[in-house]
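Trainee: Got a minute to go through this model with me? I'd like to start with what sits inside.

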Amino acid sequence: MALQSRRGNYERRRRHGNNGERSDRMCGYAMTLMLGIILFLGFFVIQNQITMSINTETVWSHYDPIRPSPQKDIAKFEGAHHLRNGTKPVFVLHAGPPKTGTTTLQCSLPVLKLEEDGFLYIGKVTDCPFSRKKRAHYVNTKSLATCMNKYSGRNNTWLEQQCKEYRKMKEILDFSLENDFDVIYSSEGFFDGFELSDAFKSLVSGFEVKVMIVYRRYYQWLPSRYNSLSKPDSNRHKRRTLEKWPKDGGQTIATFTKAYDSTFTERERKIDLFSADTWNVFDLYKNHYPDISVLSMHKVDGILSHFLCDFLKATNACHKSKAFRETQKNPSVPLYPDRLAVAAYDKGYLRKNVTRPQVRTKIWASQRLLGIKSFSDYPLVCLSDSQLQNVLELSLKYEKRIDTNENTWPENEQLIKHEFEEYKMKGSYCNVDTKAIMENDRWISFFKYI
């Protein structure tokens, strides 16, 4: 019996020992594989760093905004330069403002082969559906502004050493000067002020700078601007506070009336509704760049065609743009689902585990079940009569600045007044009355069901 017991123990140790050895071998294989992967990745990163450091002086070969591959050369442009007043190439500075078709221009210009008309586009493309590789062909205007503001007061040599986007832009501008190209630069950088700085002016000093600003009628622009500044957008860092409930640090959306009066509560997202309209931007830039043009967004063929065909006189790109169907790249979204969601949250009508985006989506999808067929079916709170009158007066005043023809003005004035009334009827200057909705039994039952 003792012998059998010892043999049984031996057999168990032998089997377990084999399993242990097998386990050790497997661990060894895994460790070897992981070490190999780490070494491969390390080699790849080091190789990239070496390549980047070697090619620091030839940024253009990596960031060419025209050609899909660095090997294809761009021929020197020999055509007519319709924008030039003298011998200097032209630097077209498109300064927006927001909500005037800016994104449409920024996303269309890179695909129209402007080099055939003697232009290179180097402006903003961050809001366009381009691949990361294609985005790298253009100047990241936000990074450029951040770096130039960070090192404001330093000389251009310092900026060139510290700012990658500055180096990239300088290389492209040098290439443009050498090969007789005019340049189109689009941004909304006036918020940072860097395009008005001495460093930026020095950067484009080899060019004749022409500023282009787009005009949109004030009564149209104002509600669009309010929506753009207020709408939830999880892709924008500063808007992520609109994804969380107030108790978790989330902000809320102010009504149009509060935004108009600039009277915000502590938890409301504060917005500047007025500073970026066409004529404020015009007056700001006029002090720095005397050659400034205003293009109307209300031309029949659209702002893209107006810019290419009438302003740039870029014949080839103009012809290509006729096949484009201008669509909204940065459309407005309804704000009332979010404001209703927060109001229901404040009243305690919602379950604890439901998220703010989920409630917004459910409200939007269930409106017809709750008897809502259009925005006007909601109880609304709108701008006061005096506020609406002020919007109309400013709209007429601003229109008068661009329409200087006394013969056409009476007809245009009637058009403005008629369209303004249509905007009022649509509720463009209104918000849903959340207090009235929170007292509706049908809505209360709906919120408790979500």
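**Inside the model**

Mentor: Sure. This is a predicted model, and its largest nonpolar core has 62 residues, where Phe91, Leu93, Met169 and Phe200 have the most contacts inside the core.

Trainee: OK, what is leucine 93 in contact with, leaving aside its neighbours within four places in sequence?

Mentor: Leaving those neighbours aside, leucine 93 is in contact with Tyr185, Glu195, Phe200, Val209, Lys210, Val211, Met212, Tyr285 and Tyr289. Apart from the largest core lies another one, of 28 residues, with Val90, Phe130, Ala314 and Ala317 among them.

Trainee: Is there a general rule behind cores like that?

Mentor: In soluble globular proteins, nonpolar side chains tend to be buried together.

Trainee: Let me zoom out. How many helices and strands are in the protein chain?

Mentor: The protein chain has 19 helices and seven strands. It runs to 450 residues, and buried ones make up 45% of them. Among contacts with a separation of 6 or more, 73% are between residues 24 or more positions apart.

Trainee: And the surface? How much of it belongs to carbon and sulfur atoms?

Mentor: Carbon and sulfur atoms take 53% of an accessible surface of about 24,700 Å².

Trainee: Switching to the backbone. Which peptide bond is cis around proline 97?

Mentor: The one from glycine 96 to proline 97, with omega near -5°. Proline 97 is in the loop between strand S1 (90-94) and helix H3 (102-108). Lysine 99 is in the loop between S1 and H3 too, and its phi is near 65°, a positive value in a residue other than glycine.

Trainee: What do backbones usually do there?

Mentor: Most residues other than glycine have a negative phi, and most peptide bonds are trans.

Trainee: Back to lysine 99, then. Buried or exposed?

Mentor: Lysine 99 has 12% relative accessibility, so it counts as buried. Lysine 313 also isn't a glycine and has a positive phi, about 55°. You'll find lysine 313 in the loop between helix H12 (303-312) and helix H13 (315-321). Its relative accessibility is 45%, so lysine 313 counts as partly exposed.

Trainee: What does serine 228 touch, not counting residues up to four places away in sequence?

Mentor: Serine 228 touches Lys99, Arg239 and Asn330 on that count. Serine 228 lies in helix H9 (residues 218-230), and it counts as buried because its relative accessibility is 8%.

Trainee: I've also marked serine 187. Where does that one lie?

Mentor: Serine 187 lies in the loop between strand S3 (182-186) and helix H8 (198-203). With 3% relative accessibility, serine 187 counts as buried. Not counting residues up to four places away in sequence, serine 187 touches His94, Ala95, Gly96, Gln106, Thr141 and Glu195. The C-alpha atoms of serine 187 and glycine 123 are separated by 6.2 Å, and these two residues are 64 residues apart along the chain.

Trainee: Last topic, helix packing. At what angle do helix H16 and helix H17 pack?

Mentor: Helix H16 (residues 385-402) and helix H17 (residues 409-426) pack at about 145°, and their axes are 11 Å apart. Their crossing is right-handed. H16 brings residues including Leu388, Val391 and Leu392 to the contact, and H17 brings residues including Trp409, Ile416 and Phe420.

Trainee: How do the residues of that contact divide?

Mentor: For H16 with H17 there are seven nonpolar, two polar and five charged.

Note on methods
Residues are numbered from 1 along each chain as its sequence is written. This is a predicted model: local features need pLDDT of at least 70, side-chain atom pairs count only at pLDDT 80 or more; totals for chains, interfaces and linings use all residues. Side-chain values use heavy atoms; hydrogens and water are left out. Helices (H or I, at least four residues) and strands (E, at least two) are DSSP runs, numbered from the N terminus. Buried means under 20% relative accessible area, exposed over 50%, partly exposed in between (1.4 Å probe, protein chains only). Contact means heavy atoms within 4.5 Å. Accessible areas come from the Shrake-Rupley method with a 1.4 Å probe; for residues, only the protein chains shown count as cover. Axes are lines fitted to C-alpha atoms, for helices over the stretch in contact, and angles run from 0 to 180 degrees between N-to-C directions. A crossing is left-handed if the near helix is turned anticlockwise from the far one by less than a right angle, and right-handed if clockwise. Ala, Val, Leu, Ile, Met, Phe, Trp, Tyr, Cys and Pro count as nonpolar, Asp, Glu, Lys and Arg as charged, and the others, Gly among them, as polar. A nonpolar core is a set of buried Ala, Val, Leu, Ile, Met, Phe, Trp, Tyr and Cys residues joined through side-chain atoms within 4.5 Å.
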